[in-house]
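Visitor: I would like a close look at a single part of this protein, the sheet, and I would be glad if you could then set it against the rest of the chain. Please take it slowly and keep the parts connected.

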Amino acid sequence: MTNPPARITLAIGSERVLVDRAVSSVSTAVRRIDPSLQRYDIAANDEGAAAALREATAPNLFGDGAVVVLAGIDQADDRLADAVRQTVADLPDSVYLVVTHPGGVKGKALLDALRAAGAVQVDCQAVKGRAKALDFLAKEFAAHRRKATQDALVSLYESIGHDLGLLTGAVSQLCSDVEANPLQADDVREYFAGVADVSGFTISDAVWNRQYVEAMRALRMSMMAHDQGRVGPMTISALATGLRSLVRVGGMPPGASEGDVAKEAGVPPWKVAALRRQWARWSGDQRRLAAAVVALAEADGAVKGGVREGSSLDAEQKLLALEVLVATTAAPHAP
């Protein structure tokens, strides 16, 4: 934000990164005008919020600037609501008010009053789903005056996950450290190799894609990144979920729409194409797929201690059982 901000800003939505960015943007812009400004943070659900707001927005002898951040206005009681209305009716020239609201209808009358007072609204709605996250990433790169290919955006999303805070930080890091423009998927993979935690679903995708090398690499990275007791159950659960989705997709008619397949398999529509590719790798080898089901059940018992009554496996034996499962299932040829 290079121009003076609005006197009243409404940040509406539950996406923490966007809310923090809206608040920071106002504070930064005001500091350019008045480096000595004070910032006051007030939680609307605090008992003394009304008094704190009146004190923070009261004119002072020195005319010092202030940014007053009133968070969670949906939780305002009657006293605070009255204080807000009185404040915006006669807001001192040196005071900038930022109000946050998670969205929804609660506190709508107070929001309408703020809008009527000239508040500028900033959309901070949650970014839901892969497609919207990829759009968000593309805009983040554009804000850095950089570009990234679609494959690079997908690779970044799959490396980091759906955490906007981590994703924005990753974009900033890439733009700072990688000169390629547009950034390619290989740039992302190389930069984050061994950095991001490997989830069980990363391992699962590699196994059901029958990508032996990728599956073993991901499993060993996961073993290094996570507690030994967590890796087994996390990976087995992801493998079982992936297998169920794979079989459900395989049981659908060839001409079924992506929407119908997604509903049957319990996955988002964008995942259907990947699952169909996986099924194509297994449909001609269904005996081995059946054997994988049995091996998965046995490994599930092993990582929880042992498959026979009275047996007990130590941590190293559990990890070995997991490695054997991944290696034999993902291998391109039967062992």
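Guide: Two strands are said to pair here if DSSP finds at least two bridges between them. The model you see is predicted, and in it 5 strands form an open sheet in the order 2-3-4-1-5, with parallel pairing. The edges of this sheet are strand 2 (38-43) and strand 5 (120-123), each of which pairs on one side only. Direction ignored, neighbouring strands are turned by 20° against each other on average. As background, strands of a sheet pair through backbone hydrogen bonds, either parallel or antiparallel.

Let us walk across the sheet in its own order, beginning at strand 2. Strand 2 and strand 3 pair in the parallel sense over 6 bridges, and glutamine 38 stands opposite alanine 66 in strand 3. Strand 3 in turn pairs with strand 4 over 5 bridges, again in the parallel sense, with valine 68 standing opposite leucine 97 in strand 4. Strand 3 is largely enclosed by the rest of the structure, because 5 of its 6 residues are buried.

Next comes strand 1 (residues 8-12), which is joined to strand 4 by 5 bridges, the two running parallel. In this pairing, alanine 11 has threonine 100 of strand 4 as its bridge partner. Toward the other edge, 4 bridges join strand 1 to strand 5, and these two strands also run parallel. Here threonine 9 stands opposite valine 120 in strand 5, while leucine 10 has glutamine 121 of strand 5 as its bridge partner.

How much of strand 1 is buried? The strand is mostly covered, with 5 of its 5 residues buried. Its side chains divide between two directions: Ile8, Leu10 and Ile12 point one way, whereas Thr9 and Ala11 point the other way, and all of them are buried.

Two helices may be added to this picture. Helix 2 (residues 49-57) packs on the sheet and touches strand 2, strand 3 (66-71) and strand 4 (95-101), and its direction makes about 165° with that of strand 2. Helix 1 (residues 16-33) has 18 residues, which at 1.5 Å a residue should span 26 Å; its end C-alpha atoms are 26 Å apart, so the expected and modelled spans agree. The expected span is taken as 1.5 Å times one less than the number of residues. Among the buried residues of helix 1 are Val17, Leu18, Val19, Ala22, Val23 and Val26, together with Ser27, Ala29 and Val30.

To set the sheet against the rest, consider the protein chain as a whole, which has 15 helices and 5 strands. Of its 335 residues, 42% count as buried, and the chain exposes about 18100 Å², of which carbon and sulfur atoms supply 52%. Among contacts between residues at least 6 apart in sequence, 74% join residues at least 24 apart.

Beyond the sheet, the largest nonpolar core has 28 residues, of which Val207 and Trp208 touch the most other members. Helix 9 (200-208), helix 10 (212-225), helix 11, helix 13 (272-282), helix 14 (286-303) and helix 15 each supply at least two residues of this core. In soluble globular proteins, nonpolar side chains tend to be buried together. Valine 207 itself, leaving aside neighbours within four places in sequence, is in contact with Ala215, Leu239, Trp282, Val326, Thr329 and Ala330.

Helix 11 (residues 228-250) also holds threonine 235, which counts as buried because its relative accessibility is 0%, the cut-off for burial being under 20%. Apart from its neighbours within four places in sequence, threonine 235 is in contact with Gly200, Ile203, Leu219 and Leu322. Valine 247 lies in helix 11 too, but is partly exposed, with a relative accessible area of 41%. Valine 247 and leucine 275 are 28 residues apart in sequence, and their C-alpha atoms are 9.3 Å apart in space.

Finally, proline 332 has its place in the segment after helix 15 (315-330). Not counting residues up to four places away in sequence, proline 332 touches Arg210, Tyr212 and Arg288. Proline 332 and arginine 281 are 51 residues apart in sequence, with 9.6 Å between their C-alpha atoms.

Key:
Residues numbered from 1 in each chain as written. Predicted model: local features only at pLDDT ≥ 70, side-chain atom pairs only at ≥ 80, totals over all residues. Heavy atoms only, no water. Buried < 20%, exposed > 50% of the residue type's maximum accessible area, 1.4 Å probe, protein only. Contact = heavy atoms within 4.5 Å. Areas by Shrake-Rupley, 256 points an atom, 1.4 Å probe, with all protein chains shown as cover. Axes fitted to C-alpha atoms, helices over the stretch in contact; angles between N-to-C directions. Core = buried A, V, L, I, M, F, W, Y, C linked by side-chain atoms within 4.5 Å.
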